[in-house]
Amino acid sequence: MKHEIIIAGFGGQGVLSMGKILAYSGLMEGKEVTWMPSYGPEQRGGTANVTVILSDDPISSPILNEYDIAIILNQPSLDKFESKVKPGGILIYDGYGIHSEIKRKDIQVYRVDAMDAAAEMNNAKAFNMLILGGLLKVVPMVKMENVLLGLKKSLPERHHNLIPMNEAAILKGMEIIQKV
């Protein structure tokens, strides 16, 4: 098993923390993991992305030119990364941030209306966990119990009271993802 993933969007959307939680979850399962963030100096509002690799075997390099899975949260990221999804790969996007049609016909495309669901939950901070839930529904690469351990590891202790809300958002994301 090997999953090469790019998560890309604006700073402040929880891109890097989503990748970190996924990476910690893989570590909890004894997988080989890389987590490589990339962001501009403006962090909030600028574009940010993170490459995460989860593998049963040693990972030779954290640097990738193409991906098995792309999670795309805004138009600039779609423009940059749509062409870098491997044929037969998966592209997951939030409908709120994408304004043009996805052109590729050789990949599987899924939509998660996470912005709308976060508004319904009255919690904008649930956005990235809704997206993560969608990913884990389509590709259950890590167990939910390890995602919760990953959350616990990546959240400061003063925010551990938010773990049940995050778990609910992940489960909701699993419900609302749709194949396009």
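**Sheet, cores and helix packing**

Biologist: How many bridges join strand E5 to strand E6?

Modeller: Strand E5 spans residues 85-94 and strand E6 residues 108-112; strands are DSSP runs of E of at least two residues and helices DSSP runs of H or I of at least four, numbered from the N terminus. Two strands pair if DSSP finds at least two bridges between them. Asp-94 has Val-112 as its bridge partner in E6. The two strands run parallel, and the number of bridges joining them is 5.

Biologist: What kind of model is this?

Modeller: Residues are numbered from 1 along each chain as its sequence is written, and side-chain values use heavy atoms, with hydrogens and water left out. Local features need pLDDT of at least 70, side-chain atom pairs count only at pLDDT 80 or more, and totals for chains, interfaces and linings use all residues; the model is predicted.

Biologist: Which strands stand at the edges of the sheet?

Modeller: The sheet is open, has 7 strands with mixed pairing, and follows the order E2-E3-E1-E4-E5-E6-E7. Each edge strand has a single partner, so one of its sides is left without a neighbour in the sheet. E6 pairs with strand E7 (residues 178-179) in the antiparallel sense over 2 bridges, and Tyr-110 has Lys-179 as its partner in E7. The strands at the edges are E2 (32-39) and E7.

Biologist: Which residue in E3 is the bridge partner of Ile-7?

Modeller: Strand E1 (residues 2-10) and strand E3 (residues 47-55) pair in the antiparallel sense. They do so over 9 bridges. The partner of Ile-7 in E3 is Val-50.

Biologist: How far apart in sequence are the parts that the aromatic pair ties together?

Modeller: The structure holds 1 aromatic pair; rings of Phe, Tyr and Trp (its six-membered ring) pair if their centres lie within 6.5 Å, with planes under 30 degrees apart counted as stacked, over 60 as edge-to-face and the rest as tilted. Tyr-67 and Phe-81 form this pair in edge-to-face geometry, at 6.1 Å centre to centre and 80° between the planes. Tyr-67 lies in strand E4 (residues 67-72) and Phe-81 in helix H2 (residues 75-81), so the parts tied together are separated in sequence by 14 residues.

Biologist: Which helix supplies the largest share of the largest nonpolar core?

Modeller: A nonpolar core is a set of buried Ala, Val, Leu, Ile, Met, Phe, Trp, Tyr and Cys residues joined through side-chain atoms within 4.5 Å, where buried means under 20% relative accessible area, exposed over 50% and partly exposed in between (1.4 Å probe, protein chains only). The largest such core has 36 residues, of which Leu-22, Leu-132 and Met-141 touch the most other members. Its largest share, 7 residues, comes from helix H4 (residues 127-138).

Biologist: Which helices do the buried residues of H5 pack against?

Modeller: In helix H5 (residues 144-154), Asn-146, Val-147, Gly-150 and Leu-151 are buried. They fall within an arc of 150° seen down the axis, so they line one face of the helix; the arc is that of the directions from the helix axis to the C-beta atoms. With contact taken as heavy atoms within 4.5 Å, these residues pack against helix H1 (15-28), H4 and helix H6 (163-176).

Biologist: Which residues on the other side of H6 are exposed?

Modeller: H6 has 14 residues and reaches 20 Å from first to last C-alpha, close to the 20 Å expected at 1.5 Å a residue, the expected span being 1.5 Å times one less than the number of residues. The buried residues of H6 are Ile-163, Met-165, Asn-166, Ala-169, Ile-170 and Gly-173. They cover an arc of only 155° around the axis, which puts them on the same side of H6. On the other side, the exposed residues are Pro-164 and Glu-175.

Biologist: Is Lys-31 buried or exposed?

Modeller: Lys-31 lies in the loop between H1 and E2. Beyond residues up to four places away in sequence, Lys-31 touches seven-residue surroundings that include Met-1, Asp-56 and Met-141. At 14% relative accessibility, Lys-31 counts as buried.

Biologist: What is the phi of Asn-122?

Modeller: Most residues other than glycine have a negative phi. Asn-122 lies in the loop between helix H3 (114-120) and H4, and is exposed, with a relative accessible area of 72%. Its phi is positive, near 60°.
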